[in-house]
Amino acid sequence: MIIPIKPWLELADGRPLTGGGIRPKDFRSSALVLSSDPVGEEMDVARNSGGMGTVFSTEGHRMEFYHEPIMGAEIRQAFEPVEGKQFLDGTLGGGGHSEMLLRHGAHVIGLDQDGDAIDYASERLEAYSDRFLPVRGNFAEMKSLLHEVGVDTVDGVLLDLGVSSRQLDDGERGFSFREEAELDMRMDQRQPLTAKAIVNDWSLEELTRIFREYGEEKKAYRVAQEIVKQRELNVIETTTELASIVAKVVPKVSAKNPATRVFQGLRIAVNRELEVLERGLESVIELLVPGGVLAVLSFHSLEDRIVKQFMRKHSQEFLDRPEWPEPRPNPDYCLELPSRRAIAPTSEEVARNARSRSAKLRCAVRLS
Ligand SMILES: C[S@@+](CC[C@H](N)C(=O)[O-])C[C@H]1O[C@@H](n2cnc3c(N)ncnc32)[C@H](O)[C@@H]1O
C-alpha cells in the first residue's frame with residue numbers, strides 16, 4: 001500500500017528536515033507554510049478518574065475515552081520538538097503525544113495498527129495535516145512503512161506500549177472482563193487470530209504457557225485445564241464467560257479481578273506484543289539520525305525487560321568475557337543512555353492520572 005506523499009514532507013524553504021529523513025526524490029517545489037502552533041493553546045485535560053474522561057482538543061471538540069498523554073513533559077524534554085524535526089509516533093492511539101509534538105512545530109508520522117485509532121487521531125489532528133501523516137500498520141514494520149512514504153530517517157521514535165483506554169473501554173473490542181463482549185482483543189481488526197480462537201483451539205500446553213509467561217499467572221495450568229474442560233461442553237464465546245471460568249480456579253485476593261492476569265496473557269498472545277516489540281526496537285536503530293532519540297513507555301515488567309535488554313545490548317562500548325584476555329569493542333554499540341534507570345512519572349502525574357502509575361520511560365540517543 002502506497003500512502004501518497006504529502007506536502008508536509010517539505011519545509012517551506014526547501015531545507016531538508018534535520019533528520020535528512022526525506023529522500024531527494026521526494027522534494028516538491030510547492031511552498032508550504034509551517035506554523036509552529038496553529039491554535040496557540042495548550043490542550044486542556046479533564047483531571048478525573050484515571051486521566052480518562054473528556055479531553056477538549058485545541059478546536060474545543062470532545063475527545064472522550066483517550067487518556068492524557070503519559071509523561072508528556074518528560075517526552076517533550078527528551079525529543080526537544082521544534083520546527084524542522086520529524087518524529088515517528090509508533091503508537092498513535094488518540095494522538096495525545098503526537099499533538100504535543102505537533103504543537104511545538106515538529107512533523108509527525110503517526111503509526112497505529114488500529115483503524116479506529118487512525119480515524120480518531122486523524123480527525124483530532126486535522127489542524128496539523130500539513131505536518132502530520134497518519135499511517136496504519138504495525139510498528140514491527142516501521143522501516144518499510146516509513147520507506148513507503150518516502151522517509152528513511154527520523155529525529156525520534158516514540159513507543160507508548162499496550163492498549164489505549166479507548167480500546168479497553170470499547171465494549172465491542174472484547175479486551176475487558178468488565179463488558180460482556182465476544183472474545184476478540186485484536187488491536188488490528190484485520191488480523192485473523194482472535195482471543196476466541198486461542199481460548200477454544202490452542203492446546204492445554206500452549207494456554208498454560210501464555211498465561212504463565214505473558215500473564216505471570218501462578219495458577220496458569222489450572223486455568224488452562226478448566227478452560228479445556230469447559231470448552232468440551234460449549235464454545236467459550238465471551239469475555240464474561242472466560243472471567244467466570246477463571247474465577248473458579250483463581251481466588252479473589254485483592255480488589256483486582258482474578259481474571260486480570262489471564263486477560264493480560266491472552267491479549268499479549270493475540271497481538272504478539274513481545275515479539276513485535278523486539279522487531280520494532282531493532283528497526284529503530286537504522287531509522288534514527290545521529291543524536292536521534294528513542295523513547296519507550298512500558299507498563300509491565302515483560303515489556304520493560306525487553307526494552308532494558310535492548311538498550312543495554314546497544315549501549316555497551318566494550319564486551320568482556322572471562323575467557324578473553326581483554327575487553328573487546330561491542331559491534332552493536334550505537335546508543336547512549338542519558339540514564340541507565342527507567343524514569344517514573346511524578347507523584348503529581350500519578351495523582352491526576354492513575355494509568356500512569358506503572359509507567360516506565362526509557363530513553364536512548366543514537367550515536368553517530
Ligand atoms: C497506549 S495507546 C497510545 C496512546 C497515545 N500515545 C496517546 O497519547 O493517545 C497505544 C496505541 O498503540 C497501538 N499499538 C500497540 N501496539 C502496536 C503495534 N505493534 N503497532 C502499531 N500500533 C500499536 C494501539 O493500537 C493503541 O492505539
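Biologist: Why is Glu-216 called partly exposed?

Modeller: Glu-216 has 14 other C-beta atoms within 10 Å. A residue is buried if 20 or more other C-beta atoms, placed from the backbone, lie within 10 Å of its own, exposed if 12 or fewer do, and partly exposed in between. The count of 14 falls in between, so Glu-216 is partly exposed. This is a predicted model, in which local features need pLDDT of at least 70, side-chain atom pairs count only at pLDDT 80 or more, and totals for chains, interfaces and linings use all residues. Residues are numbered from 1 along each chain as its sequence is written.

Biologist: Where is Glu-216, and what is its phi?

Modeller: Glu-216 is in the loop between helix H7 (204–213) and helix H8 (220–233). Helices (H or I, at least four residues) and strands (E, at least two) are DSSP runs, numbered from the N terminus. The phi of Glu-216 is positive, about 50°, although this residue is not a glycine. Most residues other than glycine have a negative phi.

Biologist: Is Met-185, which also has a positive phi, buried or exposed?

Modeller: Met-185 has 25 other C-beta atoms within 10 Å; this count meets the limit of 20 or more, so Met-185 is buried. Its phi is near 70°, and its place is in the loop between helix H5 (165–169) and helix H6 (195–201).

Biologist: How do you know whether Lys-229 is buried or exposed?

Modeller: Lys-229 has 12 C-beta neighbours inside 10 Å, which satisfies the limit of 12 or fewer, so Lys-229 counts as exposed. This residue lies in helix H8. The C-alpha atom of Lys-229 is separated by 9.9 Å from that of Ile-245, which is 16 residues away along the chain.

Biologist: What makes Gly-115 partly exposed?

Modeller: Gly-115 has 13 C-beta neighbours inside 10 Å, a count in between the two limits, so it is partly exposed. Gly-115 lies in helix H3. Leaving aside neighbours within four places in sequence, Gly-115 is in contact (C-beta atoms, placed from the backbone, within 7 Å) with Arg-136 and Gln-189. Gly-115 and Asp-188 are 73 residues apart in sequence, but their C-alpha atoms are 7.1 Å apart in space.

Biologist: Why are H7 and H8 called oblique to each other?

Modeller: H7 and H8 pack at an angle of about 135°, with their axes 8 Å apart. Axes are lines fitted to C-alpha atoms, for helices over the stretch in contact, and angles run from 0 to 180 degrees between N-to-C directions. Angles under 35 degrees count as roughly parallel, over 145 as roughly antiparallel, 65 to 115 as roughly perpendicular and the rest as oblique. The angle of about 135° belongs to the rest, and therefore H7 and H8 are oblique.

Biologist: Which residues make this contact of H7 with H8?

Modeller: H7 contributes Leu-204, Leu-207, Thr-208, Phe-211 and Arg-212, while the residues from H8 include Ala-220, Tyr-221 and Val-223. The contact of H7 with H8 divides into 9 nonpolar (Ala, Val, Leu, Ile, Met, Phe, Trp, Tyr, Cys and Pro), 2 polar (the others, Gly among them) and 1 charged (Asp, Glu, Lys and Arg).

Biologist: How do you know that H11 is roughly parallel to H12?

Modeller: Helix H11 (residues 273–287) and helix H12 (residues 301–315) pack at an angle of about 25°, with their axes 10 Å apart. That angle is under 35 degrees, so H11 is roughly parallel to H12. Leu-274, Leu-277, Glu-278, Leu-281 and Ile-285 of H11 meet Leu-302, Glu-303, Ile-306, Phe-310 and His-314 of H12. The residues of this contact are 7 nonpolar, 1 polar and 2 charged.

Biologist: Why is H2 said to be largely enclosed by the rest of the structure?

Modeller: In H2, 8 of the 8 residues are buried, so the helix is largely enclosed. Among them are Gly-96, His-97 and Ser-98. The cover over the buried residues of H2 includes helix H1 (72–79), strand E4 (86–89) and helix H3 (115–124). Just after H2, Gly-105 has a positive phi of about 100°.

Biologist: How many residues surround the ligand?

Modeller: The ligand is surrounded by 22 residues (C-beta atom, placed from the backbone, within 6 Å of it), and the closest are Thr-91, Gly-93, Gly-94, Gly-96 and Ser-164. Helix H2 (96–103) and strand E5 (107–112) each give two or more residues to this shell. The shell divides into 9 nonpolar, 10 polar and 3 charged residues.

Terms used:
Contact = placed C-beta atoms within 7 Å.
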